[in-house]
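Work through the exercises below with the model open. Try each task before you read its solution.

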Amino acid sequence: MHQGRESFGGRFAVIMTLAGSAIGLGNLWRFPYLVGEYGGAAFIIVYILMSFLISLPMFMAESVIGRRSRQNAIGAVRSLAPDSGWAFLGYLSVITPMIIVSYYSVVGGWSLNFLLKSFAFEFNKIGPEESLGLFGSFISKPWAPIICLAAFLGLSCTVVALGVKKGIEGFSKVSLPLLFVLVVIIAIYACSMPGAKGGVDFLIKPDFSKLTGRGIASALGQSFYSLSLGMGIVITYSSYVSKKENLAVSSLGTAISDLLFACLAGFAIMPAVFAAGIEPNSGPGLIFQSLPYTFSKMGVGAPWASASAAIFFFMTVLVAAMTSAISLVEVGVAYLVEEKGLRRGTASLCVFGGAFTLGVFASLSTGPIQDLKIFGKPFFDFLDLFCSNFLLLLGGMLAVLFVGWKMKKEDVFDEFTNGGTKAFNRKIFPLVYGVIKYVAPLALAIIFFTNFLGE
Ligand code: PHE
């Protein structure tokens, strides 16, 4: 183990940091849309089942790898399976987040810019129709998005450079509760807007006829992505969890926070979109086009209310994206510090340099170089599709196969139950282990083929 390695302060800190990674853009721009698309409450029920029965055991599997070894993702796999081909899992777990952080930070930069626009009352100054075009004109500029990318990534790397305890834990302990407060305020406000009922119905009216096979696969895929699985994050963060902590409890706490936030985000976003009388969509369009339109419409009669709603909302997007970006950066920094002997500050700077360089191309590909296609897609879309539909699933698959088939069952049991001392964990172990060994690999194969066929 690395000398003088830091650990998280306690259960609250562990859950806040892990939830910080889990709660991100996926909760804000994808979950609410999927809920509406696939039958409201019917989808939520399936999502809960998938999260707790399949994704949560996968989360526990990655936690076991991390805490057993107490090392960065590459060192973790190497120490548990020395001199074997499994080293590939370690490398993949570091490379994937390094690619993701590059384009995820581009979106982080957009949210920073939209927060600044909100402070400048910009959505009120222009009419609702122009607000729809605001996003397109911003991302097609060459410089502004790159400057925002640099600011967002720079801030995230600075938090990581400050250290595991002082930086990451300190930031998460403040920002996660803040996120919940913000999203609750926005949800109350959004649900009280005239015309909000359509949005509430969209989210909760159960319609089992809309719950198709694709809907079920989407629930599984979304819960996998939302818990930040398959990208070395849970391995790395869990390596800072103390040996006394109960892994079942910290995993459950993270999954519950993530689910709660996703549902609250739905009630913060969809009623507002319906109140403005527009069709809901998912992805960047929901956050950067539909909502600004809502804010502009609102601003006609109530400029202050509209600007405050916009500020609260983009603050939520920014902080949620930043805690996720921090977890991605930490995977690379932990590797550089422990395997390459770099100081934390230098390691953070290296990650910044690499991610920024790739991010510049991702950023330019939404505007100036959008005609430069890779496999028929702009670079940004290509990176996202390649990571989400392929690298993440491969990483997740290898991680569960590693715990289920490579590690000794006694070791997994020992780590999961803290040497057999936790009665509840002993009781659920056979179920968790069975899911890790058989069900999870199958589930991941299903997500993979559904994505593949969907493209
Ligand atoms: N769980 C994140 C989300 O819902 C996914 C993610 C985590 C993406 C970390 C990137 C970085 O948005």
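**Exercise 1. Cover and length of a helix**

How many of the 14 residues of H11 are buried? Then test the length of H11 against the ideal rise.

*Solution.* The model is a predicted one.
Step 1. Apply the cut-off: buried means under 20% relative accessible area.
Step 2. Count: 10 of the 14 residues of H11 pass, and the helix is mostly covered.
Step 3. Name some of them. The buried residues of H11 include Gly215, Gln222, Phe224 and Ser226.
Step 4. Check the span. At 1.5 Å a residue, H11 should cover 20 Å. Its end C-alpha atoms are 20 Å apart, so the two values agree.

**Exercise 2. A second helix**

Repeat the analysis for H15, and inspect the residue just after it.

*Solution.*
Step 1. H15 runs over residues 303-340, which makes 38 residues.
Step 2. From first C-alpha to last, H15 reaches 53 Å. The expected value is 56 Å at 1.5 Å a residue, and the two are close.
Step 3. Of the 38 residues in H15, 30 are buried, so by the under 20% cut-off this helix is mostly covered.
Step 4. Glycine 341 comes just after H15 and has a positive phi of about 70 degrees.

**Exercise 3. The ligand site**

Locate the ligand, list its polar contacts and state how much of its area the protein buries.

*Solution.*
Step 1. The ligand sits in the largest cavity.
Step 2. Its shell holds 15 residues. The closest are Ala22, Leu25, Gly26, Ser226 and Leu328.
Step 3. Assign the shell to helices. H1 (11-22), H2 (25-37), H11 (213-226) and H15 each give at least two residues.
Step 4. Look for N or O pairs within 3.5 Å. A polar backbone atom of serine 21 is 3.4 Å from a nitrogen atom of the ligand. For tyrosine 225, a backbone N or O atom lies 3.2 Å from a ligand nitrogen. Serine 228 uses a polar side-chain atom, at 3.3 Å from a nitrogen atom of the ligand.
Step 5. Taken alone, the ligand exposes 320 Å², and the protein buries 100% of that.

**Exercise 4. Positive phi outside glycine**

Place arginine 70 and aspartate 83 in their loops, give phi for each, and decide: buried or exposed?

*Solution.*
Step 1. Recall the background: most residues other than glycine have a negative phi.
Step 2. Arginine 70 lies in the loop between H3 and H4. Its phi is positive, about 50 degrees, although it is not a glycine.
Step 3. The relative accessibility of arginine 70 is 14%, so it counts as buried.
Step 4. Aspartate 83 lies in the loop between H4 and H5 (87-119). Its phi is near 45 degrees, again a positive value in a residue other than glycine.
Step 5. Aspartate 83 has a relative accessible area of 82%, so it is exposed.

**Exercise 5. A loop asparagine**

Which backbone atom does the side chain of asparagine 72 reach?

*Solution.*
Step 1. Asparagine 72 is in the loop between H3 (41-69) and H4 (73-80).
Step 2. Its relative accessibility is 0%, so it counts as buried.
Step 3. The side chain of asparagine 72 reaches the backbone nitrogen of glycine 75 at 3.0 Å.

**Exercise 6. Sequence distance against space**

Compare the sequence separation of serine 172 and valine 14 with their C-alpha distance.

*Solution.*
Step 1. Serine 172 belongs to H9 (residues 164-191).
Step 2. With a relative accessible area of 4%, serine 172 is buried.
Step 3. Serine 172 and valine 14 are 158 residues apart in sequence. In space, their C-alpha atoms are 9.4 Å apart.

Methods
Residues are numbered from 1 along each chain as its sequence is written. This is a predicted model: local features need pLDDT of at least 70, side-chain atom pairs count only at pLDDT 80 or more; totals for chains, interfaces and linings use all residues. Side-chain values use heavy atoms; hydrogens and water are left out. Helices (H or I, at least four residues) and strands (E, at least two) are DSSP runs, numbered from the N terminus. The expected span of a helix is 1.5 Å times one less than its number of residues. Buried means under 20% relative accessible area, exposed over 50%, partly exposed in between (1.4 Å probe, protein chains only). A residue is near a molecule or strand if one of its heavy atoms lies within 4 Å of it. A polar contact is a pair of N or O atoms within 3.5 Å; within protein, one must be able to donate a hydrogen and the other to accept it, and residues adjacent in sequence count only if both atoms are side-chain atoms. Accessible areas come from the Shrake-Rupley method with a 1.4 Å probe; for residues, only the protein chains shown count as cover. On a 1 Å grid over the protein atoms alone, a cavity is a set of points where a 1.4 Å probe fits but cannot get out, and a pocket is an open set with protein on both sides within 12 Å along at least five of seven lines; lining residues have an atom within 4 Å of a point. A molecule sits in a cavity or pocket if more than half of its atoms lie within 2 Å of its grid points.
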